[in-house]
Amino acid sequence: MNTYRTLQWDDSTNTLVLLDQRSLPHRIQYVICKDEQQTAEAIRKMVVRGAPAIGAAAAFGLALAAFRCNCQTTEEFLRHIENAAQQLTAARPTAVNLQWALKRIIRKVAEAEGTIEELRRLVLDEARRITDEDVRINQQIGLNALQILPEEINFIHHCNTGALATVDYGTALGIIRTAHEHGRKVFVFVDETRPRLQGAKLTAWELQQLGIPFKVIVDGASGFVMKRFRIDAVVVGCDRVAANGDTANKIGTYNLALAAKAHGVPFYVACPTSTIDLSIANGDLIPIEERDSEEITHLEGKAICPRGTDVFNPAFDVTVAELITAIITENGVCYPPFERSLRGVVHP
Ligand code: MRU
């Protein structure tokens with residue numbers, strides 16, 4: 001497992017400690033959250049990012065709300081944490097893991113009986129359970145992927161889906177890691193992932209620590225790389241999968257899937273089943289977060305576009321199901337038609 005943990009609960013102070021991903025790979029620093037507002041802010045500002053990681057962070061944000069309330073009755077306590085859940089949910093709209101984690105905890109509390117102190121403990125215990133499960137789930141996704149991957153694999157990977165995007169180990173990057181740990185010959189072309197460079201900064205950092213060979217490429221190079229080299233698989237993570245298999249992931253994923261289709265390269269999506277949202281029929285209904293224009297007009301705080309330049313900055317796009325070879329989850333590998341196969345892996 002990793003030396004640096006994405007997030008940790010500090011029992012001595014009842015606070016949430018987040019590894020500040022904005023300053024990686026060159027500086028290791030932490031942000032301490034003492035309440036749900038600070039946690040929501042840290043998620044919004046991407047101190048912590050990646051769908052499973054923000055789900056786990058939000059779960060601990062709810063525990064902070066539970067510990068900081070002076071509620072007198074259990075009804076008041078439930079209302080208090082429901083309000084906190086609303087604030088946390090609003091922090092980032094696309095990744096469904098955030099809502100999934102919060103709803104799971106609220107349901108547990110609503111069904112439970114006990115004193116406020118017992119309910120507080122229940123919120124924290126459930127947040128801990130979500131984080132522990134995440135690591136096991138990621139390892140299982142990796143093992144399931146081994147069944148369908150060849151002995152020698154040249155990958156293209158987009159964004160960051162590793163230990164930093166999860167509690168530990170990673171989803172799509174977890175697949176690469178499992179293949180490497182099982183002695184497969186692995187090489188990774190790492191999309192830099194404009195505009196926030198999660199690939200160039202975070203994925204490159206993780207692969208370097210794992211001793212997995214890689215080269216960073218600019219996002220626009222992936223088509224050329226597929227034409228020039230033997231690419232065996234594109235692997236990406238995701239923020240939400242609709243019931244028909246349409247998948248929201250980091251901006252640029254759709255282009256990558258189109259290029260993969262044109263070159264006959266298998267395109268794999270990796271995710272825990274908590275990222276599958278069967279309540280949404282197709283990708284057009286997935287809310288897509290738009291972020292600050294400075295992410296595009298500036299590089300490391302320095303303006304690169306003419307002053308007053310207008311931009312469109314969706315943080316995610318939707319890859320249509322027709323372009324996806326398989327969706328790899330902890331409960332099995334789903335093939336088209338996804339309407340049926342996804343239902344088979346999501347257990348209520
Ligand atoms: O904006 P980010 O960095 O939170 O986006 C992350 C991604 O798009 C990941 O690919 C996705 O969350 C899956 S992480 C296992």
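Which residues lie nearest the centre of the largest cavity? That was my opening query, and I found Gly50, Ala51, Asn160, Asp239 and Asn249 there, among 26 lining residues.

**Entry 1: ground rules**

I am working on a predicted model, where local features need pLDDT of at least 70, side-chain atom pairs count only at pLDDT 80 or more, and totals for chains, interfaces and linings use all residues. Residues are numbered from 1 along each chain as its sequence is written, and side-chain values use heavy atoms, with hydrogens and water left out.

**Entry 2: domains**

I began with the split of the chain into domain 1 (7-138) and domain 2 (149-346); these bounds come from an automatic or database domain assignment. Their centres, taken over C-alpha atoms, are 25 Å apart. I then looked up the contact (heavy atoms within 4.5 Å): domain 1 puts in 29 residues and domain 2 puts in 32.

The two domains bury about 2,500 Å² between them, with 59% of it on carbon and sulfur atoms. Buried area here is the accessible area (1.4 Å probe) that two parts lose on being put together, summed over both. On the domain 1 side I noted Arg49, Thr94 and Asn138, which lose the most area to domain 2 and together make up 25% of what that side buries.

**Entry 3: cavities**

Next I went looking for enclosed space. On a 1 Å grid over the protein atoms alone, a cavity is a set of points where a 1.4 Å probe fits but cannot get out; a pocket is an open set with protein on both sides within 12 Å along at least five of seven lines; lining residues have an atom within 4 Å of a point. Grid points are joined across faces, edges and corners, and a volume is the space filled by probe spheres set on the points.

I get two cavities of 30 Å³ or more. The largest cavity holds about 210 Å³ of space. Helix H2 (51-68) and strand S9 (247-250) each supply at least two residues of its lining, and H2 gives the most, with three. Helices (H or I, at least four residues) and strands (E, at least two) are DSSP runs, numbered from the N terminus.

I sorted the lining by class: Ala, Val, Leu, Ile, Met, Phe, Trp, Tyr, Cys and Pro count as nonpolar, Asp, Glu, Lys and Arg as charged, and the others, Gly among them, as polar. For the largest cavity that gives twelve nonpolar, ten polar and four charged residues. Domain 1 and domain 2 both give residues to this lining, so the largest cavity lies between them.

The second largest cavity has a volume of about 50 Å³. Its lining includes Arg194, Arg196, Lys250, Arg291 and Glu295. By class I read three nonpolar, three polar and five charged residues.

**Entry 4: the sheet around S9**

S9 came up in the largest cavity's lining, and I followed it into its sheet. The sheet is open, has four strands in the order S11-S8-S9-S14, and shows mixed pairing. Two strands pair if DSSP finds at least two bridges between them. The edge strands, each pairing on one side only, are S11 (276-277) and S14.

S8 (residues 240-242) pairs with S9 in the antiparallel sense over two bridges. Arg240 stands opposite Ala248, and Val241 stands opposite Thr247. The hairpin of S8 and S9 has four residues between the strands, and Gly245 takes a positive phi near 95° in it. S9 also pairs with S14 (residues 316-319), antiparallel over four bridges, where Val318 is the bridge partner of Ala248.

**Entry 5: pockets**

Last, the open spaces. The largest pocket has a volume of about 800 Å³. I count 31 lining residues, with Trp100, Thr273, Ser274, Val346 and His347 nearest its centre. Helix H4 (96-111) and helix H5 (116-146) are among the elements supplying at least two residues each, and H4 gives the most, with seven. The lining divides into 13 nonpolar, nine polar and nine charged residues. The largest pocket lies between domain 1 and domain 2, because both give residues to its lining.

The second largest pocket has about 650 Å³ of space. Of its 23 lining residues, Arg22, Pro195, Arg196, Lys201 and Glu300 lie nearest the centre. H7 (198-210) is one of the elements giving two or more residues, and its three residues are the largest share. Its class split is seven nonpolar, six polar and ten charged residues.
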